[in-house]
Amino acid sequence: MEINQPEEKRRLTRRQTASLILAGVGLILLITGLLMMRGPAAPPEVGVELSSQSEANTGTWSLSQIHQDYPVGKLVVTTDRQSYESGDLRLVIPALDQDLLVQNGVDTDSLRSGPGLYEYSQLPAPDTNANVSIAGHRDIEGAEFYYIDRLADGDLMYLVYQEKAYIYRYESTQIIESDDWNPIACKEYPCLTLTSCDPIGTFVNRIVVTGRLIDVREMDGQMEFEANDNSFLSQAGEGIVS
């Protein structure tokens, strides 16, 4: 028995070493998983100028001349936004078969009920450069933005607010880091910004879809939400950007 003790000790040492290695690998995987699921960093202070370059406004407006009520490249909190209540704004995306009431905020509780309005969002209004910015889930709760990456040229998005329909045409999709707040800053033109997580199931990055305002119409019983601009342009009146 005494002759076998060193061999038994060596076996025990090998087992301990293997266990330590496995434990270390597990700890690394756990830390990596936590980092993958981390929430986005806190936004900068209100009014801080961001680094993005605003795109030039193109097209001819016949609604009326657009003027810039909000400082371009900055995050802004408005009085109207502070008094916003869940459901005041309706988001319609026919191409994704979505008709949603927008919640007040992007915290966990708010997003359980549907997409939510950023604190730094402006509300739509004629003749302003409002950036209406909305966040939604892709993989949990209602997963309303699951197919947001499928939006493409010609697709239309609608915001219904105070008896008016604001009509936006898809402009771009981009993937950004989770702590990049430039997309929800004010731009030189009125737009709709939709954000969600990317890749699906993590907060490593965000997917950002932007639409440019092309028309504002009074809501009535005849209002139809067209999925794309093919049929919309054929029946559109004044207010369309060429």
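**Notebook: a surface patch and some rings**

Started at Ile 200, which I find in the loop between strand 7 (191–198) and strand 8 (205–218). Note to self: this is a predicted model.

Is Ile 200 buried or exposed? Neither, as I read it: its relative accessibility is 38%, so I log Ile 200 as partly exposed. To be buried it would have to fall under 20%, and to be exposed it would have to be over 50%.

Next I looked up what Ile 200 shares the surface with. It forms a nonpolar patch with Tyr 146 and Tyr 147, and together they have about 270 Å² of accessible area. I checked the two tyrosines one by one. Tyr 146 comes out at 36% relative accessibility and therefore counts as partly exposed. Tyr 147 has a relative accessible area of 40%, so I put it down as partly exposed too.

**Overall picture**

I stepped back to the whole chain. I have 242 residues here, and 41% of them count as buried. The accessible surface comes to about 13,100 Å², with 50% of that belonging to carbon and sulfur atoms.

For secondary structure I get four helices and eight strands. Read from the N terminus, the order is α-α-β-β-α-β-β-β-β-β-β-α.

I also looked at contacts between residues with a separation of 6 or more: 68% of these come from residues 24 or more positions apart.

**Aromatic rings**

How many aromatic pairs are there? I count three. One of them is Tyr 118 with Trp 181, an edge-to-face pair with 6.1 Å centre to centre and 90 degrees between the planes. What does this pair tie together? Tyr 118 sits in the loop between strand 3 (116–117) and strand 4 (131–135), and Trp 181 in the loop between strand 6 (164–177) and strand 7, so the pair links parts that are 63 residues apart in sequence. I have both Tyr 118 and Trp 181 down as buried.

Then back to the patch tyrosines: Tyr 146 and Tyr 147 also make an edge-to-face aromatic pair, at 4.8 Å centre to centre and 75 degrees between the planes.

**Charges over rings**

Last look of the day. Which ring does the charged end of Arg 206 sit over? I find it over the ring of Trp 181, 4.7 Å from the ring centre. That is the tryptophan I had already logged as the edge-to-face partner of Tyr 118. Arg 212 has its charged end over the ring of Tyr 189, and here I note 3.8 Å from the centre.

Methods: Residues numbered from 1 in each chain as written. Predicted model: local features only at pLDDT ≥ 70, side-chain atom pairs only at ≥ 80, totals over all residues. Heavy atoms only, no water. Patch = residues over 30% accessible without salt bridge, like charges linked within 9 Å, V, L, I, M, F, W, Y side chains within 5 Å. Areas by Shrake-Rupley, 256 points an atom, 1.4 Å probe, with all protein chains shown as cover. Salt bridge = Lys/Arg side-chain N within 4 Å of Asp/Glu carboxyl O. Helix = DSSP H or I, 4+ residues; strand = E, 2+ residues; numbered from the N terminus. Buried < 20%, exposed > 50% of the residue type's maximum accessible area, 1.4 Å probe, protein only. Contact = heavy atoms within 4.5 Å. Phe/Tyr/Trp six-rings, centres within 6.5 Å; stacked < 30°, edge-to-face > 60°. Lys NZ or Arg CZ within 6 Å of the ring centre and 35° of its normal.
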